Amino acid sequence: MSDQKLSPNQTDQLDLVYGLNDRPRPIIAFLAAFQHLLAIIVPIVTPGLLICLALGVSKEDTNMILSMSLVISGIATFLQCKKVGPFGAGLLIVQGTSFNFIGPIIGIGSAMVAAGTPVESVMAAIFGVVIAGSFIEMGVSRILPWVKMLITPLVTGIVVLLIGLTLIKEGLISMGGGYQAMSNNTFANPDNLIMSCTVLALIIILNRIRITWVKSSAILIALIVGYVLAGFMGHLDFSGLQDAPLVQIPTPMHFGLDFSWSLFIPMAFIYLVTSLEAIGDITATSKLSNQHVDGATWMERIKGGVLVNGANSFLAGIFNTFPSSVFAQNNGVIQLTGVASRYVGIWIAALLVILGLLPAVAGVIQAVPQAVLGGAVMVMFGAVAASGINILSGIHLDRRALLIIAISLALGLGVAQVPQILEHLPELFRNIFSSGVATGGIAALLLNIILPETKK
């Protein structure tokens, strides 16, 4: 808006090739969109694939869930870039399946399967919780200033750090071959370790190369090499493609709908934190697009972006996939290409939807051995933890803050490692504190309110 002044941190304008509202020629828009696709396609499908492998979902249903991950991400990306009414930030924002929810879904879902609940019923409960939790995020988008006062960067940093640290176990299990390898005594055998360590080493090497597009595509390139290596070693499984249709027709509530309080409590807390993470990502995209990062226009973008976060998670639950959130990866691509045009985002959205409607794409992704995937997810999960550390490094860590961090991490990681501590508590409390993220997050929230800040 012309009546607003630029904030001090906006005086350093980026030299963009295409600004926010510029319309690149189709070939330019396609090439820019393709570079975004290289950076995001693996993170979009990875959460769904890990969850399905951990819970023992059938190959046919896994194929459908992965396809819907791409379709729903495409719809969200379109809304974020196009801005339809109150929905969307009106920026070049890519949205995809969130890593934040993997830990609670796998932990509680696996417990339900182990207790004898059919996998289909477990999935119905998961998607019921996904739908219910989405209303939290949509509500948060309307009262963001109040929520920001309650959930400070200290609380957010602790929760994001806990999410990353509790996911490390899942990453190591994937490197060893996954839960199926544990059951058939092939876990951490030489083949699995060779595949996972090759991918991990390649990601490290590629990130040291000074060619920017190689760095931004390091995970995808390493996975392709790991995929080829798995083929030479005889570990590719294309059985998921055998009965796959030519086109994946979206099927609402394929598993039905159910609900689980033990899953809802940690998921609700993560929905809150994901909302606040989106604020940072949207602000970064605004700055890279030479737009305001304060004032009424910025707040409108934030509210619209977080609203799409929640609304699209609602759609995700209806169409049998997992919650989505704003991705930070596209900010690096904007810097690389100098293209901040939101019309490029519409091309990205179209590519994601087209790929999602072709089950062969999900089938090829599903064929990758979990050990190959493990080498990449260790980096991704570590990056989540590093993001939490980065948030905490931006605040003043006085004695009060260090005490809150210490107690919250101790309780959160302690419950994750020794869940038997909750055995004799009433069921309600077991449900609330069964997730390390929920336990540590609640502790951080309460201590942040109870312990007074030291006035400077």
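Which residues lie nearest the centre of the largest pocket? I started my notebook with that one.

**Entry 1: ground rules**

I am working with a predicted model, in which local features need pLDDT of at least 70 and side-chain atom pairs count only at pLDDT 80 or more, while totals for chains, interfaces and linings use all residues. Residues are numbered from 1 along each chain as its sequence is written, and side-chain values use heavy atoms, with hydrogens and water left out.

I looked up confidence next. pLDDT is the predictor's confidence in each residue, from 0 to 100. The protein averages 88, and 96% of the residues score at least 70. Residues 1-11 have a pLDDT below 50. Beyond near neighbours in sequence, that stretch has 19 contacts in the model. Contact means heavy atoms within 4.5 Å.

**Entry 2: the largest pocket**

I noted how openings are found. The search runs on a 1 Å grid over the protein atoms alone. A pocket is an open set of points with protein on both sides within 12 Å along at least five of seven lines. A cavity is a set of points where a 1.4 Å probe fits but cannot get out. Lining residues have an atom within 4 Å of a point. Grid points are joined across faces, edges and corners, and a volume is the space filled by probe spheres set on the points.

Now my opening question. Asp-281, Ala-328, Gln-329, Ala-383 and Ser-387 lie nearest the centre, out of 49 lining residues. The volume is about 1,500 Å³. Elements that each supply at least two lining residues include H1, H11, strand S2 (324-326) and helix H16 (370-393). Helices (H or I, at least four residues) and strands (E, at least two) are DSSP runs, numbered from the N terminus.

I sorted the lining by type: 28 nonpolar, 17 polar and four charged. Here Ala, Val, Leu, Ile, Met, Phe, Trp, Tyr, Cys and Pro count as nonpolar, Asp, Glu, Lys and Arg as charged, and the others, Gly among them, as polar.

**Entry 3: the second largest pocket**

I moved on to a volume of about 950 Å³. This second largest pocket is lined by 29 residues, and Gly-107, Ile-108, Ala-416, Pro-419 and Ser-434 lie nearest its centre. Which helix gives the most to the lining? Helix H3 does, with eight residues. The lining divides into 13 nonpolar, 11 polar and five charged residues.

**Entry 4: the cavity**

I searched the whole structure and found one cavity of 30 Å³ or more. Its volume is about 40 Å³. I listed the lining: Leu-50, Ala-54, Ile-106, Glu-170, Ile-173, Ser-174, Tyr-179 and Gln-370. Helix H1 (26-55) and helix H6 (153-175) each supply at least two of these residues. H6 gives the most, with three. Five lining residues are nonpolar, two polar and one charged.

**Entry 5: the core and a buried helix**

A nonpolar core is a set of buried Ala, Val, Leu, Ile, Met, Phe, Trp, Tyr and Cys residues joined through side-chain atoms within 4.5 Å. Buried means under 20% relative accessible area, exposed over 50%, partly exposed in between (1.4 Å probe, protein chains only). The largest core has 121 residues, and Ile-65, Met-123 and Ile-126 touch the most other members. H1 brings the largest share, 16 residues. I checked Ile-126: not counting residues up to four places away in sequence, it touches Leu-55, Ile-105, Leu-263 and Phe-322.

Why is helix H15 (residues 359-366) largely enclosed by the rest of the structure? Six of its eight residues are buried, so the structure closes around it. Val-361 and Ile-365 are among the buried ones. The buried residues of H15 pack against H1, helix H2 (59-82) and helix H14 (342-356).

**Entry 6: single residues**

I looked up Thr-285, in helix H11 (residues 261-288). Is Thr-285 buried or exposed? Thr-285 counts as buried, because its relative accessibility is 0%. Leaving aside neighbours within four places in sequence, Thr-285 is in contact with Leu-91, Leu-92, Ile-93, Asn-330, Asn-331 and Ile-334.

Arg-210 sits in the loop between helix H8 (190-206) and helix H9 (212-216). At 81% relative accessibility, Arg-210 counts as exposed. Its C-alpha atom is separated by 32 Å from that of Leu-162, 48 residues apart along the chain.

My last stop was Arg-23, in the segment before H1. Arg-23 counts as exposed, at 62% relative accessibility.
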